[in-house]
Each structure stands twice: as C-alpha cells, then as structure tokens.
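Here's a quick briefing to read alongside the structure. Have the viewer open and follow along.

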Amino acid sequence: MLLGKDGVKKQVVDLLKNKSTGAMRFGKGWREFCDAHGVKVGESFLLELIRDEEAIPVLKFCTKL
C-alpha cells in the first residue's frame, strides 16, 4: 500500500521480488501512483516506511528530492 503525501489517498501497488537476485520492484499500480503525485521518469523521491505490528506495511510518499 502506498500513501500519498496528503496522508489520505491510498494506492495498492504490487511489490515484485526477483527470485534469483532478491531485488524488489514496484509493479501494477506504480505508474498510476506516479501520475497522481507528479513523479516523472528519472526523478528522485523519498518514501517513508510506516510499519505497525498488526497492519500491512505502508510506504508514504514524502517528497520529490
């Protein structure tokens, strides 16, 4: 789950793992999230991990760098 910097708008985005390298990447839903938050190809941004022991981890979009 990705959370917009407004703290309200949530977007479900697939998180995919490469079985051979263990690297992780975003999948389905990522482009829609970027479009909604004005993130362009090649831009850097900051995501904050919000983790609650009883809930699914959430990444919050903080800002473009």
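How much space lies in the largest pocket? It comes to about 150 Å³. Bear in mind that this is a predicted model. The rest of the rundown goes by topic.

**The pocket**
- The residues lining the largest pocket are Trp30, Arg31, Cys34, Asp35, Val39, Lys40, Val41, Gly42, Glu43 and Phe45.
- Helix α1, which covers residues 30-37, gives the most to that lining, chipping in four residues.
- Sorted by class, the lining has five nonpolar residues, four charged ones and one polar one.

**Fold and sheet**
- You're looking at one helix and six strands, and reading from the N terminus the elements go β-β-β-β-α-β-β.
- Four strands line up as β2-β1-β6-β5 in an open sheet, and their pairing is mixed.
- The edges of that sheet are β2 (10-11) and β5 (45-50); each has a single partner strand, so one side of each is left without a neighbour in the sheet.
- As background, strands in a sheet pair through backbone hydrogen bonds, either parallel or antiparallel.
- Strands β1 (residues 2-3) and β6 (residues 58-64) run parallel and are joined by two bridges.
- If you want a spot to zoom in on there, Leu2 stands opposite Leu59 in β6.

**Overall dimensions and surface**
- Taken along the principal axes, the C-alpha atoms fill a box of roughly 35 × 35 × 20 Å.
- The protein has 65 residues, and buried ones make up 22% of them.
- About 5,200 Å² is exposed, with carbon and sulfur atoms supplying 53% of that area.
- Take the contacts between residues at least 6 apart in sequence: 30% of these join residues at least 24 apart.

**Arg51**
- Where does Arg51 lie? Look in the loop between β5 and β6.
- Is Arg51 buried or exposed? Its relative accessible area is 66%, and the cut-off for exposed is over 50%, so Arg51 counts as exposed.
- Arg51 and Val41 are 10 residues apart in sequence, and from C-alpha to C-alpha they sit 27 Å apart in space. Val41, for its part, is one of the residues lining the largest pocket.

Terms used
Residues are numbered from 1 along each chain as its sequence is written. This is a predicted model: local features need pLDDT of at least 70, side-chain atom pairs count only at pLDDT 80 or more; totals for chains, interfaces and linings use all residues. Side-chain values use heavy atoms; hydrogens and water are left out. On a 1 Å grid over the protein atoms alone, a cavity is a set of points where a 1.4 Å probe fits but cannot get out, and a pocket is an open set with protein on both sides within 12 Å along at least five of seven lines; lining residues have an atom within 4 Å of a point. Grid points are joined across faces, edges and corners, and a volume is the space filled by probe spheres set on the points. Ala, Val, Leu, Ile, Met, Phe, Trp, Tyr, Cys and Pro count as nonpolar, Asp, Glu, Lys and Arg as charged, and the others, Gly among them, as polar. Two strands pair if DSSP finds at least two bridges between them. Buried means under 20% relative accessible area, exposed over 50%, partly exposed in between (1.4 Å probe, protein chains only). Contact means heavy atoms within 4.5 Å. Accessible areas come from the Shrake-Rupley method with a 1.4 Å probe; for residues, only the protein chains shown count as cover.
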